[in-house]
Amino acid sequence: MAVNEFMHPRNRYRQKPNFQQLVKLYPELNDVASVDLTGKVKIDYRNKHAVHLLSKCLLFRDFGLKLELPPNKLVPTLPLRMNYIHWLEDIGSVACWDVERKEKIRGIDIGCGASCIYPLLAVVQSNKRWHMVAIEKAEDSLESAKANVIRNELQSCIEVKSQKLEGSTVLLQVLEEDFPNERFDFCMCNPPFFDNISKELKPQDRTGKRREPSNASTGSIEELCTEGGEVKFISQIIEESLQLKDRISVYTTMIGHKKSYEEILRVLKRASIHNITVGRFCQGNTTRWAVAWSFDDKVLLSLVSDGHDKNDSPGKKKPIGKPVSCRIFTPEEVDSIQGVRNYISTQFRAIEIDVRKVIESNKAEEIVLELSARENTWSHQRRKRRAAISSPDKVNVIQTQNGNGSTQCQNNNNNHKKRPRLDVEQNESCSTQGDNKGDDSYLRAALHILRKDDGFYVALQYVGGVAGKDAVNQILQYLKNIKAKRDKITPADGVNKTPSVG
Ligand SMILES: C[S@@+](CC[C@H](N)C(=O)[O-])C[C@H]1O[C@@H](n2cnc3c(N)ncnc32)[C@H](O)[C@@H]1O
């Protein structure tokens with residue numbers, strides 16, 4: 001299935017180039033173009049030379065970039081490369097790489113290839129706000145990458161470094177030797193996908209129905225293969241990230257095969273890395289996957305939007321809900337955003353919802369908290385209290401509706417310390433919650449506290465979990481209820497400026 005319509009919405013290549021115009025601009029394309037019976041000008045993507053020429057012309061026309069490549073090297077196709085860059089931009093908007101930040105955004109590209117394509121695109125696309133370190137292992141590709149940087153006069157924005165691979169590290173050696181004590185905002189990688197040329201270089205055709213590839217495959221064995229394939233390569237990056245931690249704020253990588261993507265999610269889970277987001281890059285007839293992870297508390301990756309409407313990509317994507325909001329305090333009731341935060345945190349902790357601060361704006365006008373719950377503790381509060389009083393030693397099983405309409409049984413005995421975990425495999429709704437397999441919580445949500453002229457607002461946004469999106473409506477209602485109860489006891493009279501925290 002052609003998946004162009006599922007390209008990132010900002011990807012300029014969602015629309016196929018008008019080859020008629022392109023051939024007029026770059027007559028050298030005439031050699032690889034043909035005219036079909038309807039008079040349409042076409043380019044044969046199965047011809048390596050055509051793919052190479054097309055990339056060169058588009059890079060120049062759309063980005064002003066000049067590219068030269070030695071023979072037999074991987075030709076960068078632009079729709080995929082731009083999908084990755086736009087996904088990084090989306091991560092950047094959660095990680096606050098916005099224009100208010102004065103310093104440059106610093107990224108690392110692991111395996112920049114002979115083209116040095118990602119660093120070139122990253123720098124130009126960001127109007128030189130992003131500065132890149134490009135790492136490459138193959139000597140000839142390294143030289144070619146450096147030449148492409150010089151050809152475009154971008155030496156002040158891109159440093160190309162050799163991967164000497166002593167002790168088989170991917171990031172550690174370069175960071176330790178060339179950039180000791182320096183911090184980076186992100187790293188990226190288009191890894192060598194394949195393990196072993198004879199077995200894997202062509203995708204396996206298990207059903208006999210796979211079509212011949214519609215694109216010429218370019219690239220040398222050294223560029224495309226690595227011992228252990230992409231899973232081993234990316235696992236190595238994950239292992240090194242556990243040592244480097246915040247030296248790089250967001251670690252990202254592309255993944256070539258779905259099977260590897262699933263394996264990488266398991267590796268992250270085993271390493272107890274839960275602050276992750278996933279991406280899916282669709283272009284032409286190919287789909288690639290991506291994961292990002294972070295140890296930085298201020299970067300809540302689950303908030304990264306994929307730029308698509310919730311269910312519009314082929315297969316599943318993680319639907320992040322629309323926020324629901326209400327005013328929680330007037331300025332007369334509370335005078336600081338910290339007061340609101342303390343109040344809300346206390347209310348949630350009382351019902352065993354974990355609260356973690358993620359972002360606090362400089363001007364103290366917005367705080368973002370991450371909420372996670374392992375069961376529904378906010379519905380039927382009165383009934384639960386009554387049940388607990390009448391039979392304190394019994395395990396109460398209360399039927400609750402999850403947000404997807406299915407019924408779940410909960411052990412709701414507060415004395416019973418070990419609460420049941422919902423088995424994600426058993427709950428059908430889980431499979432429609434997106435493919436973040438590392439996420440087995442009941443509910444994860446983001447809570448924004450905002451100061452406005454007429455008071456403090458809370459906005460709740462569903463992020464993940466089997467409870468479903470409706471759970472955030474229930475929690476907002478729960479907050480309103482306890483606030484109304486509190487108002488009965490302490491009427492808003494302008495005297496009580498600090499909300500009670502009980
Ligand atoms: C699939 S190519 C990607 C090239 C380029 N980034 C692109 O997207 O067109 C993978 C690149 O990683 C390089 N590479 C392989 N192992 C590496 C390592 N340990 N460190 C740095 N580069 C490596 C290969 O030489 C190759 O150029």
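Does R81 count as buried or exposed, and how many C-beta neighbours does R81 have inside 10 Å? In this predicted model, R81 has 25 C-beta neighbours inside 10 Å and therefore counts as buried, the cut-off for that class being 20 or more. R81 is found in helix 3, which covers residues 78-94, and, when residues up to four places away in sequence are not counted, R81 touches P76, I117, Y118 and L121.

R81 is one of the positions covered by the annotation "binding site" in the unreviewed UniProt entry, which also covers G111, E136 and N190. N190 is placed in the loop between strand 6 (184-189) and helix 7 (197-200), and N190 likewise counts as buried because 25 C-beta neighbours lie inside 10 Å. Leaving aside neighbours within four places in sequence, the contacts of N190 are with G111 and M254.

The ligand is surrounded by 23 residues, of which the closest are G111, G113, K137, Q163 and N190. Helix 4 (117-125), strand 4 and helix 8 (221-224) are the elements that give two or more residues to this shell, and helix 8 provides the largest share, with 3 residues. By character, the residues of the shell divide into 12 nonpolar, 7 polar and 4 charged.

Strand 4, which comprises residues 130-136, pairs in the parallel sense with strand 5, residues 158-162, over 5 bridges, and within this pairing V133 stands opposite E159 of strand 5. Together with helix 5 (residues 139-151), strand 4 and strand 5 make a right-handed β-α-β unit.

Note on methods. Residues are numbered from 1 along each chain as its sequence is written. This is a predicted model: local features need pLDDT of at least 70, side-chain atom pairs count only at pLDDT 80 or more; totals for chains, interfaces and linings use all residues. Two strands pair if DSSP finds at least two bridges between them. Helices (H or I, at least four residues) and strands (E, at least two) are DSSP runs, numbered from the N terminus. A crossover is right-handed if, with the strands pointing away from the viewer, the path from the first strand over the helix to the second runs clockwise. A residue is near a molecule or strand if its C-beta atom, placed from the backbone, lies within 6 Å of it. Ala, Val, Leu, Ile, Met, Phe, Trp, Tyr, Cys and Pro count as nonpolar, Asp, Glu, Lys and Arg as charged, and the others, Gly among them, as polar. UniProt positions are given in the numbering used here, feature names are shortened, and annotations may be inferred rather than shown by experiment. A residue is buried if 20 or more other C-beta atoms lie within 10 Å of its own, exposed if 12 or fewer, and partly exposed in between; C-beta atoms are placed from the backbone. Two residues are in contact if their C-beta atoms, placed from the backbone, lie within 7 Å.
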